[in-house]
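Reader: Please walk me through this model, one feature at a time. Give the general idea, then the case at hand.

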Amino acid sequence: MIPNVLSIAGTDPTGGAGIQADLKAFSALGAYGMTVIAAVVAQNTQGVRRYVALDPDFVRAQLEAVFDDVRVDAIKIGMVANAGVARAIAKTLRERARCPIVLDPVMVAKSGDRLLEEDAVAVLRDELLPLCTIVTPNLPEASDLLGVPEAASIEQMHHTLDAMVKLGSEWVLLKGGHLKGDESTDLLAGNGGRWTFNAPRIATRNTHGTGCTLSAALAALIPKMPVADAVGEAKAYLSGAIGAAEKLDVGQGQGPVHHFHALWR
């Protein structure tokens, strides 16, 4: 079966993050991609200039159009922009979704520009997150969701992971890329177990869209395998995409990863 995977997110005109990155990751990993636009973003590899959130009723109408016609095997949620859009998504998914849901709690772009209004954090945490199969925060996002200082060590990451698990998603993948060191460590908890994933840091500035790409890869893989296996496969895919990023020549800032590194010759 080729899974039908839906991305609910914002856009990126330069193609490295958001909806565009999600579609590339879905395609590279053998899934049929679909999209619901939550916000239109004017950004490039150097930063976010501005964004316009879509009307919540129109976001809901897009979702209804998909669910009324297509079998949805997994859903990835990225940028939701504001509280109204987040509530519309949560309400619709509560009523209609019968598949795994991956939440990438997009709050701040790589450039440091904020992509989620402050009053939407509580809606994301209290209404969307409990609906999810797995949530994939980085350390600043976990800090925002929990209202605690950002973890600065692996030991503190474990405490943050414990607190994230209590928010209600089935699984939590806490990403440790913001820590220093030769290796990047991610922690996974769910189904009564814990896993640690270590990957060597790759010397490149081309990391635009890594969070979007990892969560999209998870959504493409979860219909095919257990969650812990999907995390391992998704991380291996992302490492390959980061490692091949220098083959691309896109933009003057933080360039995108190479989503089709295993397919293009």
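**Reading the fold**

Author: Start at the N terminus. Met1 touches Arg71 and Asp73, leaving aside residues up to four places away in sequence. Contact means heavy atoms within 4.5 Å. This is a predicted model: local features need pLDDT of at least 70, side-chain atom pairs count only at pLDDT 80 or more, and totals for chains, interfaces and linings use all residues. Residues are numbered from 1 along each chain as its sequence is written, and side-chain values use heavy atoms, with hydrogens and water left out.

Reader: Is Met1 buried or exposed?

Author: The general idea is a cut-off on relative accessible area: buried is under 20%, exposed is over 50%, and partly exposed is in between (1.4 Å probe, protein chains only). Met1 has 70%, so Met1 is exposed. Met1 lies in the segment before β1. The C-alpha atoms of Met1 and Ala31 are 9.2 Å apart, with these positions 30 residues apart along the chain.

Reader: How are strands and helices named, and in what order do the strands form the sheet?

Author: Helices (H or I, at least four residues) and strands (E, at least two) are DSSP runs, numbered from the N terminus. Two strands pair if DSSP finds at least two bridges between them. Here nine strands form an open sheet with mixed pairing. The order is β3-β2-β1-β4-β5-β6-β7-β8-β9.

Reader: Which strands stand at the edges?

Author: β3 (47-53) and β9 (193-200) do. Each has a single partner strand, so one side of each is left without a neighbour in the sheet.

Reader: Where does the pairing run parallel, and where antiparallel?

Author: Take β5 (residues 101-103) and β6 (residues 134-135). They pair in the parallel sense over two bridges, and Val102 stands opposite Ile134 in β6. β6 and β7 are also parallel, again over two bridges. There Val135 stands opposite Val172 in β7. β7 and β8 (residues 183-190) run antiparallel, joined by five bridges. On that side, Val172 stands opposite Ala189 in β8.

Reader: How many residues of β7 are buried?

Author: Five of the five residues of β7 (171-175) are buried, so β7 is largely enclosed by the rest of the structure. Trp171, Leu173 and Lys175 point one way, while Val172 and Leu174 point the other way.

Reader: Which helices lie on the sheet?

Author: Angles here run from 0 to 180 degrees between N-to-C directions, and axes are lines fitted to C-alpha atoms, for helices over the stretch in contact. Helix α1 (residues 18-28) lies across β1 (4-10), β2 (32-44) and β4 (74-77), at about 160° to β1. Helix α7 (residues 210-221) packs on the sheet too, touching β1, β4, β5, β6 and β7. The direction of α7 makes about 165° with that of β4.

Reader: At what angle do the axes of α7 and α8 cross?

Author: They come within 9 Å and cross at roughly 140°. Angles under 35 degrees count as roughly parallel, over 145 as roughly antiparallel, 65 to 115 as roughly perpendicular and the rest as oblique. That makes α7 oblique to α8. By class, this contact has ten nonpolar, two polar and two charged residues. The classes are: Ala, Val, Leu, Ile, Met, Phe, Trp, Tyr, Cys and Pro nonpolar; Asp, Glu, Lys and Arg charged; the others, Gly among them, polar.

Reader: What does Lys235 touch?

Author: Lys235 sits in helix α8 (residues 227-243). Its relative accessibility is 14%, so Lys235 counts as buried. Lys235 touches Asp186, Phe197 and Leu214, not counting residues up to four places away in sequence.

Reader: And how do α2 and α3 lie to each other?

Author: The axes of α2 (residues 56-67) and α3 (residues 83-96) come within 8 Å and cross at roughly 25°. The two helices are therefore roughly parallel. Their contact includes Val59, Leu63 and Phe67 of α2, and Val85, Ala88 and Ile89 of α3. By class, the contact has eight nonpolar, two polar and five charged residues.

Reader: Which residues have a positive phi without being glycine?

Author: Ala81 is one, with a phi of about 75°. Ala81 lies in the loop between β4 and α3, and at 0% relative accessibility counts as buried. Asn191 is another, at about 55°. Asn191 is in the loop between β8 and β9, and is exposed, with a relative accessible area of 71%.
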